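Reader: I would like a close look at the enclosed empty space inside this protein. Please describe the cavities and what lines them, and then place them in the setting of the chain as a whole.

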Amino acid sequence: MILYKNGHALINGKLVKTDIVANHGRIIEIAQDVVADEQTEVIDCSHRYILPALVDIHTHGANGYDFNTADIDGMKKIIEFYVAHGVGTVFPTVMTDSDENICRQLSLIATLAKEYPEIKGIHLEGPFLSKEYCGAMPVQYLQKPSMDKFVTYQKVAEGKIKLVTVAPELPDALAFISEVSDAKVTVSLGHSGADGETVQKALKAGAKCFTHWGNAMSQLDRHNLNMAGCALLSDAYCEVICDGKHVDKDVLRLLLKTKGINKVIGVTDSIMATGLGDGNYTLSGIKVTVKNGDARLTASNVRAGSTLDAYQGLANVVTFTGLPLPEAIKLWTVNPAKLVGLSDRIGTIEIGKDADFIIFG
């Protein structure tokens, strides 16, 4: 057993001085003045904060490696970077690519997950996306939604795909969303030019989220809600890249005011340049140039993910919005955990949940 002694832990939305006891990776006691026996390891957390570890459900890489191209050793370096930056749960995100490459990388991530419990799922961002709103996705590999193809991907991923981004206006997309949702995989809408009517149908079919809200989607118009507007009106979650570049800080404040604190999810959408400096990199093998921390495709200047890490993402939410830390952290803990069905294990510090903390101060 491990006793975390005298820390200020985030419990029920408040920082409380308390002790936490963990056994085999689970929290078994939260109380003041717990007395350790001889077999208990004691970690003194005096004058330190204990917060739930962060959750990043949309990230393509970091530390010089990319989930679409890295081998196992490279992926280990990505995960170790995340852990060092406060992430306790990650969904490695595989983007649009050839079927051969997607299957190879999904299989590698599934293997890696057996060694790294931080990997609690995979986010498949593509290939079922719109050509018009492809962003940095390679157009030649985009496909219409296919349940048969998804089953193939899921098989090589050993069932680890827990989140998939889909453009709902594509042929067969609504049926696909319904089938995938029935299979207990969360559907997020993104890289899409769908109009409001189509988006509403997709939400009724089972979609629960919008991928990197405000980016690579049809925008709100006074005559049509489109993707961005439907996201604001609906009860679905909205991912948001909290770097101040993809969404202006005041727009983030508007999003939070409109959706409410419980329906917005912070993500990094990070690429291999994260943790490194400006320079030349790749995203799924496509050349990317990073200047002043802003990542863009070298050939077209289209923005290509971010160089954000989760710690900085949380700090940005506090800075941009003025929210106190116990509220702002919901975007990086409680909310993503609820979206992907992991709230019984992670997101808050409670008896019976995983002993998954950030300790700092």
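Author: In this predicted model, it helps to begin with the chain around the cavities, where, among contacts between residues at least 6 apart in sequence, 69% join residues at least 24 apart. Of the 361 residues, 54% count as buried, and the chain holds ten helices and 19 strands. Its radius of gyration is 20 Å, close to the 21 Å that the globule rule gives for 361 residues, so the chain is as compact as a globular protein of that length. Along the principal axes, the C-alpha atoms fill a box of roughly 65 × 45 × 45 Å.

Rolling a probe the size of a water molecule over the atoms shows where empty space is left. A search of the whole structure finds two cavities of 30 Å³ or more.

The largest cavity has a volume of about 40 Å³, and its lining brings together Pro52 and Ala53 with Arg345, Ile346, Gly347, Thr348, Ile349, Asp354 and Asp356. By class, that lining has four nonpolar, two polar and three charged residues.

The second largest cavity holds about 40 Å³ of space, and the residues that line it are Asp56, Phe81, Tyr82, His85, Val87, Thr268, Ser270, Asp309 and Ala310. Here the classes are four nonpolar, three polar and two charged residues.

As for the outside, the accessible surface of the chain comes to about 15,100 Å², of which 49% belongs to carbon and sulfur atoms.

Definitions and conventions. Residues numbered from 1 in each chain as written. Predicted model: local features only at pLDDT ≥ 70, side-chain atom pairs only at ≥ 80, totals over all residues. Heavy atoms only, no water. 1 Å grid on protein atoms, 1.4 Å probe; cavity = no way out; pocket = protein on both sides within 12 Å on 5 of 7 lines; lining within 4 Å. Points joined across faces, edges and corners; volume = space filled by probe spheres on them. Nonpolar A, V, L, I, M, F, W, Y, C, P; charged D, E, K, R; others polar. Helix = DSSP H or I, 4+ residues; strand = E, 2+ residues; numbered from the N terminus. Rg over C-alpha atoms; globule rule 2.2 N^0.38 Å. Buried < 20%, exposed > 50% of the residue type's maximum accessible area, 1.4 Å probe, protein only. Contact = heavy atoms within 4.5 Å. Areas by Shrake-Rupley, 256 points an atom, 1.4 Å probe, with all protein chains shown as cover.
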